[in-house]
Every structure is written in structure tokens, then in C-alpha cells.
Amino acid sequence: LDAGVLGAMNFHPVNIHDLTKHAVRLTEPLASRKDIHISVSVDDSLQVFGVQTALEEAILNLVENAIRYSHKGGEVQISASQYKTGHVAIIIHDNGIGIGPEDKNLVFERFYRAAAVRGSEGSGLGLSIVKAIIEAHDGKVTVISEPGKWSRFTVLLPLVENEA
């Protein structure tokens, strides 16, 4: 990703509904073990230009994290809609442990692990990879959170305009 490999690849239209379906399908076993309900509200027609496998990896990572850090019996909400600036906004919202203000600006750094999750599985690379993939697609990923209650990751990607 650092070498700009994605930028050199041919981008193709990628359906956001397909990306979210893929992430949900792969994370259903983890969600089931934690009794977490996943709700999805995604417009079937939303598309972005990109590398499908890379975007799948980014969305999968965000959904998996949302499940992993949610409280047992909770819910993860995935939504995507057209954003007023000609972008698609993909939102992954959980009701988990949240991210403290001291960690919020660092969670996208390589190998960073917030104190609340240092004893759990993971290397601290997932969110840095998400950020690199989204930025390689001319997008942006942000997080807002209330510690102990919820986190919401928002991915903005340029929308492929439907030609009518």
C-alpha cells in the first residue's frame, strides 16, 4: 500500500451493497458467538471506482472490529447512502467499548493498540490498513465514539454517478 500499488491498478465500478454483504457473510460466525445482531441498510445502486478485493478488506476489518469490541447481545449497524458532496458514506456503528479521546487520533497509526484492548487479539495494523486502502481510493475514514457506549466509523468514497 505504501508503494502505491493500488493507484497503479485498474479501478472498476464496485457495488457498495456487495461489499457490505461480503463483510456480513464472513463475520456472521463471530457475531453469532457473541449473540450480536447485524443490521444492514445499503442502497443497491451505490457504486465507487476501486479495487474490489481491497475495499472488501477495509469494510471487513471495520465490521469485524465492530463485532469484536461490541458487548455480548448487542447490535452492529451498517449503512451506506449518497452523501451530499458526491460521495458514498459507509457507516459502521457498534454499541461496544468505545474509544477514549486520548486514543481517537491514534487508532489509525500502525501497531497502535489502545490500553482497553491491549490484552485482546490483534496487532494494531487493521485500522492503519483500512486508512491506507480508503485513502488510495481518494477517500477518508473517520471515527467518533463515546467511551463505554459506542463507536461509529465513517468511510467516504467518491461516488460513481449513474448516467441517465
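Which residue just after H2 takes a positive phi? Hold that thought while we look around this predicted model, and we'll get to the spot by walking along the helix.

Let's start with the whole chain. The protein chain has five helices and seven strands, and from the N terminus on they run α-β-α-β-β-α-β-β-α-α-β-β. Of its 164 residues, 43% are buried. Now look at who touches whom: among contacts with a separation of 6 or more, 71% join residues 24 or more positions apart. On the outside, the chain exposes about 8900 Å², and carbon and sulfur atoms supply 50% of that area.

Now zoom in on helix H2, residues 16-33. At its start, a side-chain oxygen of Asn 15 reaches to within 2.8 Å of the backbone nitrogen of His 17. How far apart are the end C-alpha atoms of H2? They are 26 Å apart, which agrees with the expected span, because 18 residues at 1.5 Å a residue should span 26 Å. Still, H2 has a kink of about 50° at Thr 27, shortly before the proline Pro 29.

Thr 27 is also one of the buried residues of H2, which include Ile 16, Leu 19, Val 24 and Leu 30. What do these buried residues pack against? Their partners are helix H3 (52-68) and the strands E1 (12-15), E2 (37-42), E3 (47-50), E4 (75-83) and E5 (87-94).

And that brings us back to the opening question. Just after H2 you'll find Asp 35, and that's the residue with the positive phi, about 55°.

Definitions and conventions: Residues are numbered from 1 along each chain as its sequence is written. This is a predicted model: local features need pLDDT of at least 70, side-chain atom pairs count only at pLDDT 80 or more; totals for chains, interfaces and linings use all residues. Side-chain values use heavy atoms; hydrogens and water are left out. Helices (H or I, at least four residues) and strands (E, at least two) are DSSP runs, numbered from the N terminus. Buried means under 20% relative accessible area, exposed over 50%, partly exposed in between (1.4 Å probe, protein chains only). Contact means heavy atoms within 4.5 Å. Accessible areas come from the Shrake-Rupley method with a 1.4 Å probe; for residues, only the protein chains shown count as cover. The expected span of a helix is 1.5 Å times one less than its number of residues. The bend at a residue is the angle between axes fitted to the seven residues ending there and the seven starting there. A polar contact is a pair of N or O atoms within 3.5 Å; within protein, one must be able to donate a hydrogen and the other to accept it, and residues adjacent in sequence count only if both atoms are side-chain atoms.
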